Amino acid sequence: MGTNTELLHGYPVVDPYTGAASIPKYQTSTFNQQASGEHQEYSYTRFGNPTVSALEEAIKKLEHAAYGLAFSSGMAAISNVLMLLKAGDHAIFPHEVYGGTCQFAGEILPNYGIETSFIDMSSIEELEAAIQENTKLIYIETPSNPLLKVSDIKKIVQVAAKHKLLTVADNTFMTPLNQRPLDLGVDLVVESMTKFINGHSDVVAGLIATNDTRLYEKLYLFQKNFGGILGIEEAWLVLRGMKTLGLRMAKSVENAEKLAEFLSQHPKVSKVYYPSLAGHDNATVQKSQAKNGGAVLSFELKDEADLEKFIKNMKVPIYAVSLGGVETIISHPASMSHACLTAEERAEQGVTDGLLRMSCGIEDVEDLLADLEQALK
Ligand SMILES: Cc1ncc(COP(=O)(O)O)c(C=O)c1O
């Protein structure tokens, strides 16, 4: 089955109870019990709900996973996964990990006696050197945010296997259509469905996918008892949004490729970060593990003083936090996603004040190119 057919027919898309062509919103907190003590598939919505279950079936299909779990946000999915760690454990994260994950790992996990290190995950030598006796988990996010640094998933999985460590990959930027970490041997995938999977900038949601029964059972217990479940309305919206994921992603990636090319040749732009652009540090690794460079790119203006004017002059994209919507979104990492870091930490990562990130939408590329051209002028 091709991707677009699978997104429309590859999982239960018709309501098994009524035949409705769109899985209904089972807007209920509880379910009438047929008899006392008898097991029923659904008893209470925090334990399971048919609309959310339909989405979890879709997640399994998308991620090539045996198990899928939906959460109230990407951060709910990520924090639940990190709570698999115990007091005394150590986990390794990339320097450029998403800001919320960075705060959770750096400020919350230590309260539970869990140690964390932040390294350049694109360097296998640095990874090997960071492994301690109590290391239990390696966290991957590739390409990274906002500099689109690529880490070699297969090599990291090999290192993890050698030391019997758990691997977790945040696949939000690439989506399962363009990169499938579980197929590359990663144990757990997390994603913010707020971004490309839902795709319409109108829902906050997250997922976990795995092939490991033991991990799934623990995480289901967490989902139920931490209670970070996805709401019914949101699950329905994501189910609707993901039907067009293939078409949206293809157009967004095509736009990103053209815009990256354009920006890389513009005299007012000093640097473009896009993983499949010729000359990108790890374009070969990206090619070996992903179908393309994705739909997110970053760039720096030659003159930082032009930044505010440039942003004001851009008419088509919205200027906002977040990514992965049908509309192009420009953001300023230093004051948005990476504002929680100190100026020194940002400088260490290469997140300059003149850096802009662009999540490419599905607009006609001619309009985006013309808009960039006039704003740069
Ligand atoms: C790479 C990445 N992971 C996780 C998250 C967190 O997702 P959410 O906002 O749905 O909690 C984000 C949000 O921007 C993100 O960019």
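Biologist: Why does Phe-310 count as buried?

Modeller: In this predicted model, the relative accessibility of Phe-310 is 3%, and buried means under 20%, so Phe-310 falls within that class.

Biologist: What makes Phe-299 count as buried?

Modeller: The relative accessibility of Phe-299 is 0%, which is again under the 20% limit, and Phe-299 is therefore called buried.

Biologist: How many aromatic pairs are there by the rule in use?

Modeller: With ring centres required to lie within 6.5 Å of each other, the count comes to 9 aromatic pairs. One of them joins Phe-299 and Phe-310, with 6.0 Å from centre to centre and 90° between the planes.

Biologist: Is that Phe-299 and Phe-310 pair stacked or edge-to-face, and how do you know?

Modeller: The distance of 6.0 Å is within the 6.5 Å limit, and the angle of 90° is over the 60 degrees set for edge-to-face, so the pair is called edge-to-face.

Biologist: What does the pair tie together?

Modeller: Phe-299 belongs to strand S9 (residues 296–301) and Phe-310 to helix H11 (residues 307–313), so the pair links parts that are 11 residues apart in sequence.

Biologist: Why is the charged end of Lys-25 said to sit over the ring of Trp-236?

Modeller: The charged end of Lys-25 is 4.4 Å from the centre of the Trp-236 ring, and the distance part of the rule asks for within 6 Å, so that part is met. The charged end of Lys-224 likewise sits over the ring of Phe-47, at 5.2 Å from its centre.

Biologist: What feature does UniProt place at Lys-195, and is Lys-195 buried or exposed?

Modeller: The unreviewed UniProt entry places "modified residue: N6-(pyridoxal phosphate)lysine" at Lys-195, and such an annotation may be inferred rather than shown by experiment. Lys-195 has a relative accessible area of 15%, which is under 20%, so Lys-195 is buried. Its place is in the loop between strand S6 (188–192) and strand S7 (206–210), and, leaving aside neighbours within four places in sequence, Lys-195 is in contact with Thr-172, Ser-322, Leu-323 and Gly-324.

Biologist: Which residues around the ligand come nearest?

Modeller: Of the 15 residues around the ligand, those that come nearest are Met-75, Asp-170, Ser-192, Thr-194 and Lys-195.

Biologist: What makes the approach of the Asp-170 side chain to the ligand a polar contact?

Modeller: An N or O atom in the side chain of Asp-170 is 2.6 Å from a nitrogen atom of the ligand, and the limit for such a pair is 3.5 Å, so the pair qualifies. An oxygen atom of the ligand also lies 2.8 Å from a backbone N or O atom of Met-75, and a polar backbone atom of Gly-74 is 2.9 Å from a ligand oxygen atom.

Biologist: Why is helix H3 (residues 74–82) said to be largely enclosed?

Modeller: In helix H3, 8 of the 9 residues are buried, so the helix is largely enclosed by the rest of the structure. Among the buried residues are Gly-74, Ile-78 and Leu-82.

Biologist: Why does His-64 count as partly exposed?

Modeller: The relative accessibility of His-64 is 36%, and the class between buried and exposed runs between 20% and 50%, so His-64 is partly exposed. His-64 is found in the loop between helix H2 (50–63) and strand S1 (67–71), and its phi is near 55°, a positive value in a residue other than glycine.

Definitions and conventions. Residues are numbered from 1 along each chain as its sequence is written. This is a predicted model: local features need pLDDT of at least 70, side-chain atom pairs count only at pLDDT 80 or more; totals for chains, interfaces and linings use all residues. Side-chain values use heavy atoms; hydrogens and water are left out. Rings of Phe, Tyr and Trp (its six-membered ring) pair if their centres lie within 6.5 Å; planes under 30 degrees apart count as stacked, over 60 as edge-to-face and the rest as tilted. Helices (H or I, at least four residues) and strands (E, at least two) are DSSP runs, numbered from the N terminus. Buried means under 20% relative accessible area, exposed over 50%, partly exposed in between (1.4 Å probe, protein chains only). A charge sits over a ring if NZ of Lys or CZ of Arg is within 6 Å of the ring centre and within 35 degrees of the ring normal. Contact means heavy atoms within 4.5 Å. A residue is near a molecule or strand if one of its heavy atoms lies within 4 Å of it. A polar contact is a pair of N or O atoms within 3.5 Å; within protein, one must be able to donate a hydrogen and the other to accept it, and residues adjacent in sequence count only if both atoms are side-chain atoms.
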